[in-house]
Amino acid sequence: MPSAAHFNEQQHWNYGDDVAASLEASSVNDAAASVAHFVEQQNWDYGDDTVASLEASSDNDVADGSMEYFHPDVQFTTYDQEQEPFIRLDSIADDLNHRISALRFVQNSLKLEPHQVTYQSGYMRDDVHYVYVAQAYNGVPFVNAVANLAIQDGRVVSFGSSFVKPGSYPASTPTVTLSSAIANAEQQLAGKYNNHPVGIKYLARPDNGVALIYAIQIQNEEANTWFEAHVDAHSGILLSKVNYVAQSSYTAVPIYRQSILESARRIDNPQIYEASPLGWHHDGKYTRRTTQGNNVMSRHDGRTTKHSSWGQKYHYHYDMTQAPNKSIDASRVNAFYVMNVVHDFTHLYGFTEEAYNFQHYNFGLGGKELDPVLVDVQDPSRVNNAFFATPPDGQSGRARFHIFYEWYDSAMDNSVVVHEYTHGITNRMTGGGTANCLQTVQARGMGEGWSDAMAEWTEQKGPTINDFILGVYVVGNYERGIRHYPYSVDRRVNPLLYSHLNKLKEVHANYPAIGEVWANMLHQVHVSLVQRHGFSPNARHNPYTLHGNVVFLHLFLDALALQPCNPTFLHARDAWLRADRNRYRGRHRCVLWRAFAARGLGIDARGGVNPPFRDGFKVPKGC
């Protein structure tokens with residue numbers, strides 16, 4: 001069984017001894033080398049862990065309340081200029097100078113021996129040095145007894161500490177094997193050890209006791225959980241855990257429901273960390289406690305909505321019995337939620353940083369930054385509409401949601417919100433992020449069709465793809481919504497064919513428009529793929545299956561990147577077929593041909609940018 005001393009030697013935790021050595025070194029260079037070597041070996045930052053644990057919500061905690069994270073009482077002092085305690089700064093390398101001086105200050109202030117405090121991390125910003133240390137015992141650090149101080153011009157300007165005064169310490173040699181501790185943590189937290197180096201640390205307990213613990217990281221990718229488990233190194237009991245996943249919750253209309261007519265509800269932790277690694281409220285630099293984050297900023301009259309309670313909780317009621325302006329917070333939250341959901345699931349399917357998506361910070365993954373979507377809800381500049389403006393990659397997209405018929409808030413109609421965001425996707429992915437490749441009437445019309453098809457995709461709940469009606473809520477029309485026909489494979493319900501383009505000249509019109517033809521073709525494709533390959537209810541989170549709705553969205557996004565600038569219907573159809581060959585080796589070729597041909601876009605269809613457009617209902621041989 002490994003001893004604590006062995007772990008210290010392997011993990012380079014014993015800063016107390018190194019500091020003592022550096023202070024006694026015969027030369028400045030020796031001191032700097034001694035401490036710098038230790039600092040170089042350290043690979044963790046308690047400051048981040050502390051923030052994550054303090055902000056963690058109990059919503060996803062396991063049932064055993066004894067595993068709640070305990071943090072000792074904090075004492076925090078900020079000093080006025082005349083009170084600022086002066087500390088001696090040694091004439092050595094600046095960063096090292098502040099580390100050693102900070103440790104000496106903590107030792108003197110709390111009356112500690114050198115082995116009872118260890119350096120954790122620090123940095124400098126705007127002439128202020130921020131230093132973070134942990135309580136220790138014989139070089140073994142505490143996980144939850146920490147201190148931090150800020151130093152400016154040789155004076156401490158603030159000092160916080162949660163150090164404890166235990167009466168005794170348990171033996172520093174574990175009596176439970178590491179393998180047993182890992183197995184116990186995996187079982188209780190329903191995850192797997194992620195191979196991050198395990199630490200041996202002390203844990204301050206609520207009863208003023210101390211436990212020697214293994215600090216083990218346990219993850220479950222599918223459940224989107226990630227904990228640092230604190231397993232007692234003598235009993236094997238899981239004593240507490242740090243939740244690394246920032247918790248958030250919203251009252252919103254779930255993405256699979258069309259509008260507020262189907263009611264809003266509480267939605268916990270909807271973010272997908274593969275797409276939004278820092279969650280929805282961190283923009284790479286700051287954590288925002290409003291409807292602003294890395295992907296979206298949702299506002300009204302320039303103002304965002306603040307969290308309704310601590311811990312990224314956004315719970316506001318939308319009152320349908322009152323005018324929309326009485327529920328502005330709920331409106332901002334719903335738009336923020338829906339647009340972030342679309343950002344995340346389309347990221348999984350290919351609308352990524354390098355594919356010109358909308359993000360303030362791109363995590364070094366390509367594309368241009370500083371372009372989250374800016375959303376204005378209940379925008380008073382117009383009525384009875386919604387818009388999305390897509391500039392090139394690197395400039396923020398702009399969405400505006402207006403009030404319909406003086407009463408209906410379009411930001412509370414998810415089909416409208418998804419529709420508008422999808423304009424940003426299609427304009428960015430067609431033509432390589434330039435946003436100028438859906439400009440012809442036919443291409444712009446197809447843009448409307450793609451947006452309707454994406455809205456439909458989010459709302460399908462099972463293997464039977466029903467007829468789809470868009471925008472029921474905003475216009476109060478349950479028979480056809482804001483379009484002229486429901487989207488349907490039944491030509492008695494929706495008669496639109498490719499040849500209807502001979503009569504349709506408008507993107508938006510009071511009679512069937514170009515986009516409705518394309519959207520209904522994509523509805524036909526969606527139905528055909530699901531009928532052939534089944535339906536995944538988890539498609540928004542898992543793009544790796546071969547179910548029909550998963551295949552549909554892959555081909556949807558892949559084809560956007562393949563098609564030419566200002567495509568025609570025939571170009572777009574061919575891009576779908578090529579996308580299938582690229583990703584699936586043409587497995588769905590005949591399903592696609594039959595679906596397109598059912599609406600006149602078969603192999604014998606003829607047309608270009610302008611009329612005439614001739615239907616073709618034939619499919620290739622072998623289909």
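# Exercises: rings, sheets and a gathering of residues

With a relative accessible area of 1%, W576 is buried. Here buried stands for under 20% relative accessible area, exposed for over 50%, and partly exposed for anything in between (1.4 Å probe, protein chains only). The model you are looking at is predicted, so local features need pLDDT of at least 70 and side-chain atom pairs count only at pLDDT 80 or more, while totals for chains, interfaces and linings use all residues. Residues are numbered from 1 along each chain as its sequence is written, and side-chain values use heavy atoms, with hydrogens and water left out.

## Exercise 1: The chain as a whole

Task: State how many helices and strands the chain has, and what share of its residues is buried.

Solution:
- Step 1. Count the elements: there are 14 helices and 19 strands. Both are DSSP runs numbered from the N terminus, helices being H or I with at least four residues and strands E with at least two.
- Step 2. Turn to burial: of the 623 residues in the chain, 57% are buried.
- Step 3. Look at contacts, meaning heavy atoms within 4.5 Å. Among the contacts with a separation of 6 or more, 61% are between residues 24 or more positions apart.

## Exercise 2: A pair of rings

Task: Classify the ring pair of F552 and W576, and locate the helices that hold the two residues.

Solution:
- Step 1. Recall the rule: rings of Phe, Tyr and Trp (its six-membered ring) pair if their centres lie within 6.5 Å; planes under 30 degrees apart are stacked, over 60 edge-to-face, and the rest tilted. The structure holds 29 aromatic pairs.
- Step 2. Apply the rule: the ring centres of F552 and W576 are 5.4 Å apart and their planes stand at 55 degrees, so this pair is tilted.
- Step 3. Place the residues: F552 sits in helix α12 (residues 548–562) and W576 in helix α13 (residues 569–584), so 24 residues separate them and the pair links distant parts of the chain.
- Step 4. Check burial: F552 counts as buried at 1% relative accessibility.
- Step 5. Widen the view: ring pairs join W450, Y498, W518, F552, F556, F569, W576, F596 and F613 into a cluster.

## Exercise 3: A three-stranded sheet

Task: Work out which strands stand at the edges of the open sheet formed by β11, β12 and β14.

Solution:
- Step 1. Start with a general idea: strands of a sheet pair through backbone hydrogen bonds, either parallel or antiparallel. For two strands to count as paired, DSSP must find at least two bridges between them.
- Step 2. Read the order: the three strands run β12-β11-β14, with mixed pairing.
- Step 3. Find the edges: β12 (265–268) and β14 (313–314) each have a single partner strand, so one side of each has no neighbour in the sheet.
- Step 4. Inspect one pairing: β11 (residues 249–252) and β14 are parallel over two bridges, and S249 has K313 in β14 as its bridge partner.
- Step 5. Add a helix: α7 (residues 328–349) packs on the sheet and touches β11, β12 and β14. The direction of α7 makes about 110 degrees with that of β11; axes are lines fitted to C-alpha atoms, for helices over the stretch in contact, and angles run from 0 to 180 degrees between N-to-C directions.

## Exercise 4: Annotated residues

Task: Explain why H419, H423 and E448 can be said to gather at one spot.

Solution:
- Step 1. Note the record: an unreviewed UniProt entry gives "binding site" for H419, H423 and E448. UniProt positions are in the numbering used here, feature names are shortened, and annotations may be inferred rather than shown by experiment.
- Step 2. Compare sequence and space: the three residues span 30 residues, yet no two of their C-alpha atoms are more than 7.9 Å apart, so they gather at one spot.
- Step 3. Place two of them: H423 is in helix α8 (residues 414–429), and E448 is in helix α9 (residues 441–459). H423 is buried at 9% relative accessibility, and E448 is buried with a relative accessible area of 9%.
- Step 4. Look for links: the side chains of E448 and H419 share a polar contact of 3.0 Å. Such a contact is a pair of N or O atoms within 3.5 Å; within protein, one must be able to donate a hydrogen and the other to accept it, and residues adjacent in sequence count only if both atoms are side-chain atoms. Leaving aside neighbours within four places in sequence, H423 is in contact with F388, T390, G447, E448 and S451.
- Step 5. Add E420, listed by UniProt as "active site" (unreviewed entry). E420 lies in helix α8 and is buried, with a relative accessible area of 6%.
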